[in-house]
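User: I have a model open and want to go over its cysteines and charged pairs. Can we take it step by step?

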Amino acid sequence: MSDQSNAKRPLVEVKNLVKHFPVRGGLFQRVQTWIKAVDDVSFNVMEGETLGLVGESGCGKTTVGRTMLRLIEPTSGQVLFDGVDIFELDHNELKDRRRHMQIIFQDPYSSLDPRMTIGDAVSEGLKIHKVGNREQRHEMTLDILRKVGLEDYHTKRYPHEFSGGQRQRIGIARALALWPKFVVADEPVSALDVSIQSQVLNILKDLQEDLGLTYLFIAHNMSVVEHISDRVAVMYLGKIVELAPRNKLFSKPLHPYTQALMSAIPIPDPNAKRERVILKGDVPSPLNPPSGCRFHPRCPVVRMGHCDIEEPPLRELESGHFAACHYAEDYV
């Protein structure tokens, strides 16, 4: 799939990624069925860009990010990082690659060890990868903490002494301490107050420019994704249903699901009017996803006899703009 943007080369290539989780039951805990969390997902993340990955809760966004880093083992597929399939690496080779692929976790409270000082938590990765001596690691820790807006004396404190926004800055510092090339940001601002969210987003953008980072930014807030992303991929029930440059996606979404998400974005103008698309029903279970197009039970423009039988491929309808809808041409 040629979902390239104008930004450089692909740093990460995801090809036909599948992750199914077993559901066990009975006396001997045999596998009864499978949760199809991620089902044949393909996309590229270009060097130096931020690719936003958005969708409702439970659509598989976080599973994609963690499987890409092999924090979760895949069912099948490939993830090429700098041309190397990380699923083929042994333990030692994967450890070497992990220095260049990091993650910022969603919850700034549970992602930090309450028994470790902030200095120890941030420098832990440097120690594991044997970067520099003790004094050099200390200086590198102070440097990255300063970059995220914290002070030198914070290294001696413990996580419970910080606010939620400060803890997320610590999480960012810990992920970036090894100077990685690629960072999965897993809903890094969803647990924060709105007033703090913009500060953290601006830190991420500044660090991307300073350190030459590439982000996969996972979120369910469309406004946040619009602010930080260069391109956006929209997921629904384990599948990517639309992928496009940010401006194209927000000005002219081609998939009915994306259109419904866009219609729910608040407009900061009391006189502005927008036709709201209300989706019927709930998201189907990934235990037993619908046949054909997975969105068809909730789609406002569904055509039975086609949408419920044939699964639509992710097609390029305009330059760099992909959508998985049989009738997406109606919106071009």
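User: Is C293 buried or exposed?
Analyst: This is a predicted model. In it, C293 counts as buried, at 13% relative accessibility.

User: How many disulfides does the structure hold?
Analyst: Zero.

User: Why is C293 not bonded to the closest cysteine sulfur?
Analyst: Because of distance: the closest cysteine sulfur to that of C293 is in C307, 6.3 Å away, which is too far for a bond. A disulfide needs the two sulfur atoms within 2.5 Å.

User: And C325, what is the nearest cysteine sulfur there?
Analyst: That of C299, at 6.2 Å, and C325 is in no disulfide.

User: Is C325 buried or exposed?
Analyst: C325 counts as buried, with a relative accessibility of 10%.

User: Switching to charges. How many salt bridges are there?
Analyst: A search of the whole structure finds 15. One of them is between R9 and D82.

User: How far apart are the closest N and O atoms in R9 and D82?
Analyst: They are 2.8 Å apart. The pair links distant parts of the chain, 73 residues apart: R9 is in the segment before β1 (10-25), and D82 is in the loop between β4 (76-81) and β5 (84-85).

User: What is the accessibility of R9?
Analyst: R9 is partly exposed, at 36% relative accessibility. D82 is partly exposed too, with a relative accessible area of 25%.

User: What does R298 pair with?
Analyst: R298 forms a salt bridge with E56, and their closest N and O atoms are 3.2 Å apart. R298 lies in the loop between α9 (256-263) and β11 (315-318), while E56 lies in the loop between β3 (50-54) and α1 (61-68), so the salt bridge ties together parts that are 242 residues apart in sequence.

User: Is R298 buried or exposed?
Analyst: R298 counts as buried, at 6% relative accessibility. Its partner E56 counts as partly exposed, at 24%.

User: Which residue does D152 bridge to?
Analyst: R146, with 2.8 Å between the closest N and O atoms. D152 is partly exposed, having a relative accessible area of 33%. R146 counts as partly exposed as well, at 41% relative accessibility.

User: Back to R9 and D82. Which residues are joined with them into one network?
Analyst: E47 and K181. Salt bridges that share partners join R9, D82, E47 and K181 into one network.

Definitions and conventions:
Residues numbered from 1 in each chain as written. Predicted model: local features only at pLDDT ≥ 70, side-chain atom pairs only at ≥ 80, totals over all residues. Heavy atoms only, no water. Buried < 20%, exposed > 50% of the residue type's maximum accessible area, 1.4 Å probe, protein only. Salt bridge = Lys/Arg side-chain N within 4 Å of Asp/Glu carboxyl O. Helix = DSSP H or I, 4+ residues; strand = E, 2+ residues; numbered from the N terminus.
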